[in-house]
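Please consider the model shown here with attention to its charged pairs and its nonpolar surface.

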Amino acid sequence: MSNFVKEFRDFVNRGNVVDLAVAVVLGAAFTPIIDAIVTGLITPIVAAIFGQPDFSGLAIDIGDAQILYGLIIEAILSFIFVAFALFVFVVKPWNRIQEGMASEDEDDAGPSEADLLAEIRDIMKSNN
């Protein structure tokens, strides 16, 4: 039994499990923000351009049944709008931040190994 507990503890303590848990919680917390951007900004813009923000009422009647293809269109558009909002408001700014941090790291790195060896060679030549 103690082997099982040890294996479970090792599994839970892996970095990727904790990272995944944090990502899920942050994603859940971030959902209302993206939904507000989609509902309050992107959907009204689409409605202004195309005239109809709600496609859920679109359907085809076949006998007593109804095929609600509007729900599928709405789900696809919702996915596209959420992906677009995430890309514009999260991914692009995050990439810019990462690029800025990478360039700062390169500046802080100092001279390369080749530069240092060339400098040592030049010092040794001048001493001879």
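The paragraphs below treat the basis of the model, then the salt bridges, and then the nonpolar patch.

The model is predicted, so local features are taken only at pLDDT of at least 70 and side-chain atom pairs only at pLDDT 80 or more, whereas totals for chains, interfaces and linings use all residues. Residues are numbered from 1 along each chain as its sequence is written, and side-chain values use heavy atoms, with hydrogens and water left out.

Side chains of opposite charge can pair when their charged atoms come close. A salt bridge is counted here when a side-chain nitrogen of Lys or Arg lies within 4 Å of a carboxyl oxygen of Asp or Glu. By this rule there are three salt bridges.

Within the segment that includes Asp10, Lys6 pairs with Asp10 at an N to O distance of 3.1 Å. Both residues belong to helix H1 (residues 2-12), and because they are four residues apart, about one helical turn separates them. Helices are DSSP runs of H or I with at least four residues, numbered from the N terminus. Asp10 also meets Arg9 in a salt bridge, here with 3.9 Å from N to O. Lys6, Arg9 and Asp10 are thereby linked in a network of salt bridges.

How accessible are the members of this network? Lys6 is partly exposed, with a relative accessible area of 42%; Arg9 is likewise partly exposed, at 46%, and Asp10 is partly exposed, at 35%. In these terms, buried means under 20% relative accessible area, exposed means over 50%, and partly exposed lies in between (1.4 Å probe, protein chains only).

A further salt bridge joins Asp122 to Arg121, with the closest N and O atoms 3.2 Å apart. Asp122 is partly exposed, at 40% relative accessible area, and Arg121 is partly exposed as well, at 44%.

The surface also carries a nonpolar patch of about 880 Å², made by Leu41, Ile45, Ile49, Phe50, Phe84, Phe87, Val88, Phe89 and Val91. Patch residues have over 30% relative accessible area and no salt bridge; nonpolar side chains (Val, Leu, Ile, Met, Phe, Trp, Tyr) are joined within 5 Å, and like charges within 9 Å. Accessible areas come from the Shrake-Rupley method with a 1.4 Å probe, and for residues only the protein chains shown count as cover.

Which helices each supply at least two residues of the patch? They are helix H2 (15-50) and helix H3 (69-108). H3 gives the most, with five residues. Phe87 lies in helix H3 and is partly exposed, with a relative accessible area of 44%.
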